[in-house]
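Subject: Structure handover

Hello,

Please find the structure below, followed by notes on what was found in it. The terms are explained as they come up.

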Amino acid sequence: MVERIIKSLRDRRNNILSGNVNCIPSPFVRFRNDFPGIEQGRYYLISASTKVGKTQLMNYLFLYNSVLYSYHHPDKVHLRVLYYNLEETQEAITLRFMCHLLYILSDKTIRKTPNDLKSVREDKVIEEEILNKFESEPYKSILEYFENTVTFLDDKNPYGVYKQSKKYAESNGVTHTKKLQVKNSDGEVIDERDIFDYYTPYDPKEYVMIVIDHISLISPDGKQDLREGINTLSGYLVQLRNKYNYIPVVVQQQSNETANLEAFKANKIRPTVAGLSDSKYTGKDVNVMLGLSNPYAFEMNSYAGYDLSRLKGNARFLEVVINRDGESNGMIGLYFDGAVNYYEELPPPRTHEYNDVVERVERRRNSLLMLISKVKHLIINKND
């Protein structure tokens, strides 16, 4: 065992020295000391109160960032995502990704919501040139890659999740076994069986991610209640991590107690293991738990040195609640735009870079208010 660990450490060192990577790097550069990125064989949990943006964070940080990184670096990372979309449809998730692509590939100049793309409003029909972009490069290639890389699955049963993931592993690698001798009380061997020893993937650069969004929407096995079902699923995810080096990614809501007035008075608005809804067991299983908070929802005008009276609902704060392999409690401010499922690392407060971000947010907000006022004026005149 020790020899195998030393060999693994040496392999990882040589991997970096040869220009490869040992994780999909986090897009939040200043936060990489706390959260360097997504590693094989790590179990991640993202938690926040309702309507804070935990699913959007999971999609941005684990899905979009991973898809785009592997697309642009096919020599370093080969991605496979098994996405159990228990809350949203496959179409809704893909549509969000399309909005996100428009925003980042246009250098943040094209900002369209899913409703915009669907022409929901009769006075806001999507432009033909926008739709044409999705059939041109690089949009077309990236969307094809997304479709070929992400497999959406609708199994809500814990064993079903485990069975499908295990089947994929067995089709894409070799399971090595060892002999286990069963002895009686006298020390005599009465049985011998093969048990799991280790697993060798056909492709060592493949990152297999198992996404559960969100875990409280599963259907427990048999007569289990929801808490028991979550615990069972988490146990299966641990097995998939430990046996196959897979990457479970779970979204789990915080309980209502962390989002009420009493929590605000006690200055306990940040996600905790104790605040995990329906089961705390997942907090014991994961390697890394990320927490997301929105202080502005509590009408706070400043937080961690940031002026929320200007950023308003566009500010979020990300922290490492649990890190089994490093330091916990590191926190960073983020700019959040839910319309295009986009997060951006906020520069330190009271810097020129930070002021630039705030001014950009205020300009966009003012432009939106002017547009809303113009539309209302046109509607009033039409009715008159």
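A good place to start is strand 10, where leucine 290 is the bridge partner of isoleucine 46. Helices and strands here are DSSP runs, numbered from the N terminus: a helix is H or I with at least four residues, and a strand is E with at least two. Two strands count as paired if DSSP finds at least two bridges between them.

Before going on, note that this is a predicted model, in which local features need pLDDT of at least 70 and side-chain atom pairs count only at pLDDT 80 or more, while totals for chains, interfaces and linings use all residues. Residues are numbered from 1 along each chain as its sequence is written, and side-chain values use heavy atoms, with hydrogens and water left out.

Strand 10 and its partners

Isoleucine 46 belongs with strand 3 (residues 44-48), which pairs with strand 10 in the parallel sense over four bridges. Strand 10 is also joined to strand 13 (residues 315-323), by six bridges, and these two run antiparallel. Leucine 290 appears here again, standing opposite valine 320 in strand 13.

Is strand 10 covered or open? Six of the six residues of strand 10 (residues 288-293) are buried. Buried means under 20% relative accessible area, exposed means over 50%, and partly exposed is in between (1.4 Å probe, protein chains only). On one side of strand 10 the buried residues are Val288, Leu290 and Leu292, and on the other they are Met289, Gly291 and Ser293.

Strand 8 and its partners

Strand 8 is mostly covered too, with eight of its eight residues buried. One face of strand 8 holds Glu206, Val208, Ile210 and Ile212, and the other holds Tyr207, Met209, Val211 and Asp213.

Which strands pair with strand 8? Strand 4 (residues 78-85) does so in the parallel sense, over eight bridges. Within that pairing, leucine 79 is opposite tyrosine 207, and valine 81 is opposite methionine 209. Strand 9 (residues 247-253) also runs parallel to strand 8 and is joined to it by four bridges. Methionine 209 has a bridge partner there as well, isoleucine 247.

Strand 8, helix 8 and strand 9 together form a right-handed β-α-β unit. Right-handed means that, with the strands pointing away from the viewer, the path from the first strand over the helix to the second runs clockwise.

Strand 4 is largely enclosed by the rest of the structure, because six of its eight residues are buried. Strand 4 is also joined by four bridges to strand 5 (residues 150-153), and the two run parallel. Tyrosine 84 has leucine 153 in strand 5 as its bridge partner.

The largest pocket

The largest pocket holds about 1,300 Å³ of space. A pocket is found on a 1 Å grid over the protein atoms alone: it is an open set of points where a 1.4 Å probe fits, with protein on both sides within 12 Å along at least five of seven lines, and lining residues have an atom within 4 Å of a point. Grid points are joined across faces, edges and corners, and the volume is the space filled by probe spheres set on the points.

There are 35 lining residues, and the closest to the pocket centre are Ser8, Gln40, Tyr199, Pro201 and Asn245. Helix 1 gives the largest share of the lining, eight residues. Helix 1 itself has 16 residues and reaches 23 Å from its first C-alpha to its last, close to the 22 Å expected at 1.5 Å a residue. That expected span is 1.5 Å times one less than the number of residues. Just after helix 1, glycine 19 has a positive phi of about 95 degrees.

Backbone details in the loops

Two cis peptide bonds are worth finding. One runs from glutamate 137 to proline 138, with omega near 5 degrees, and proline 138 is in the loop between helix 5 (128-133) and helix 6 (139-149). Another joins aspartate 213 and histidine 214, with omega about -15 degrees, and histidine 214 is in the loop between strand 8 and helix 8.

Lysine 108 is not a glycine, yet its phi is positive, about 70 degrees. Lysine 108 sits in the loop between helix 3 (90-105) and helix 4 (114-117), and is partly exposed, with a relative accessible area of 34%.

Regards
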